[in-house]
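Got the viewer open? Load the model, switch to a cartoon, and keep the selection box handy for this tour.

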Amino acid sequence: MAIKVLHAYRTYFPDPPGGVQEAIRQIALATKAKGIENTIYTLSPNPRPVVLKRPEGVVYRSKSWVAPVSCDIGGVHAYKLFRQLARAADLLFYQFPWPFVDTLNVYGGMDRPKVLLFNSDIVRQRYLGAAYAPLMWRTLRSVDIIVATSPAYAKTSPVLSSPELRKKVRVIPLGIDEHTVEGGSDHGVYSRLGLEAGEPYFLFVGVLRYYKGLQYL
């Protein structure tokens with residue numbers, strides 16, 4: 001029998017994309033090729049239809065009622081649907097941070113093996129972070145494995161490097177299968193950017209977020 005994995009994050013395709021959504025898609029596509037059955041649970045401002053069938057897996061959506069500081073929050077339906085999906089799964093895969101999934105974990109996920117991909121420390125929201133800390137640490141203690149995407153981040157994150165969690169942390173870099181994205185070439189891009197052919201340059205692909213360090217680049 002195939003291992004059933006339930007991924008959980010605050011938004012997912014076809015809603016506006018971002019790096020975490022693409023990371024989930026890439027993980028699901030890669031593990032599907034190994035016989036893993038992937039389900040994605042998410043919130044959406046317009047969850048109609050509730051169920052979407054995509055190449056990487058089946059997507060289940062609940063209503064996102066509000067999204068303060070990019071933290072989508074659902075209602076009663078969200079808890080009921082997540083609990084139903086969690087009971088059918090062999091493994092839960094959380095994306096951090098998303099405080100609402102911490103509450104979902106308490107309600108319906110505590111008795112399942114769990115992996116958490118640690119995408120970012122909470123830096124700017126200092127007071128909200130302090131209020132959220134007890135629930136955050138409850139989730140981090142409950143998961144079996146915490147994934148960091150680089151050795152440097154595993155060492156420098158105050159949370160990941162803490163003695164309590166250090167043994168749980170595994171470093172697994174993110175990647176993209178080049179066959180899953182549209183290819184092509186456009187040599188005219190050099191002239192539009194004022195570059196000579198062969199001139200070195202940096203390419204950043206992603207959502208513009210303050211914590212990504214683009215000012216240093």
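A word on exposure before the clicking starts: buried means under 20% relative accessible area, exposed means over 50%, and partly exposed is in between, with a 1.4 Å probe and protein chains only. This is a predicted model, in which local features need pLDDT of at least 70 and side-chain atom pairs count only at pLDDT 80 or more, while totals for chains, interfaces and linings use all residues. Residues are numbered from 1 along each chain as its sequence is written, and side-chain values use heavy atoms, with hydrogens and water left out.

**Stop 1: the tail end.** Select Glu-196, in the segment after helix H6 (188–192). Helices here are DSSP runs of H or I with at least four residues, strands are runs of E with at least two, and both are numbered from the N terminus. Glu-196 is exposed, at 60% relative accessible area. Now draw a distance from its C-alpha to that of Gly-108: the two are 56 Å apart in space and 88 residues apart in sequence.

**Stop 2: a residue in strand S5.** Jump to Gln-95, which sits in S5. Buried or exposed? With a relative accessible area of 1%, Gln-95 is buried. Show its contacts, meaning heavy atoms within 4.5 Å. Beyond the neighbours within four places in sequence, Gln-95 meets Ala-8, Tyr-9, Val-20, Ile-24, Leu-117 and Asn-119. From Gln-95 to Gly-194 the C-alpha distance is 39 Å, with their positions 99 residues apart in sequence.

**Stop 3: helix H1.** Select 19–32. The 14 residues of H1 should span 20 Å at 1.5 Å a residue, and the end C-alpha atoms are indeed 20 Å apart; the expected span is 1.5 Å times one less than the number of residues. Colour the buried residues of H1: Val-20, Gln-21, Glu-22, Ala-23, Ile-24, Arg-25, Gln-26 and Ala-28. Their cover includes S1, S2, strand S3 (51–54) and S5.

**Stop 4: the loop between S1 and H1.** Thr-11 is in this loop, and at 12% relative accessible area Thr-11 is buried. Leaving out residues up to four places away in sequence, Thr-11 touches Gln-21, Thr-42, Leu-43 and Asp-72. Pro-14 is in the loop between S1 and H1 too. Zoom in on the peptide bond joining Phe-13 and Pro-14: it is cis, with omega about 10°.

There is another cis bond to look at, from Arg-48 to Pro-49, where omega is near 5°. Pro-49 lies in the loop between S2 and S3.

**Stop 5: Ser-64.** Look in the loop between S4 and H2. Ser-64 counts as buried, at 8% relative accessibility. Which residues does Ser-64 touch, not counting those up to four places away in sequence? They are Leu-43, Ser-44, Pro-45, Asp-72 and Ile-73.

**Stop 6: helix H2.** H2 has 13 residues and reaches 19 Å from first C-alpha to last, close to the 18 Å expected at 1.5 Å a residue. Colour Ala-78, Leu-81, Phe-82, Leu-85 and Ala-86, which are buried in H2. They are on the same side of H2 because they cover an arc of only 135° around the axis, the arc being that of the directions from the helix axis to the C-beta atoms. An α-helix has 3.6 residues a turn, so residues three or four places apart point the same way. Spin the view to the face turned away from the buried side and you get the exposed residues Val-76, Lys-80, Gln-84 and Arg-87. The buried residues of H2 are covered by elements including S1, S2, strand S4 (57–63), strand S5 (91–96) and helix H3 (99–108).

**Stop 7: the second largest pocket.** A pocket is an open set of points on a 1 Å grid over the protein atoms alone, where a 1.4 Å probe fits, with protein on both sides within 12 Å along at least five of seven lines; lining residues have an atom within 4 Å of a point. To see the lining of the second largest pocket, select Lys-4, Val-5, Leu-6, Glu-37, Thr-39, Tyr-60, Gln-84, Leu-85, Ala-88 and Ala-89. Strand S1 (4–8), strand S2 (37–44) and helix H2 (76–88) each give two or more residues to this lining.
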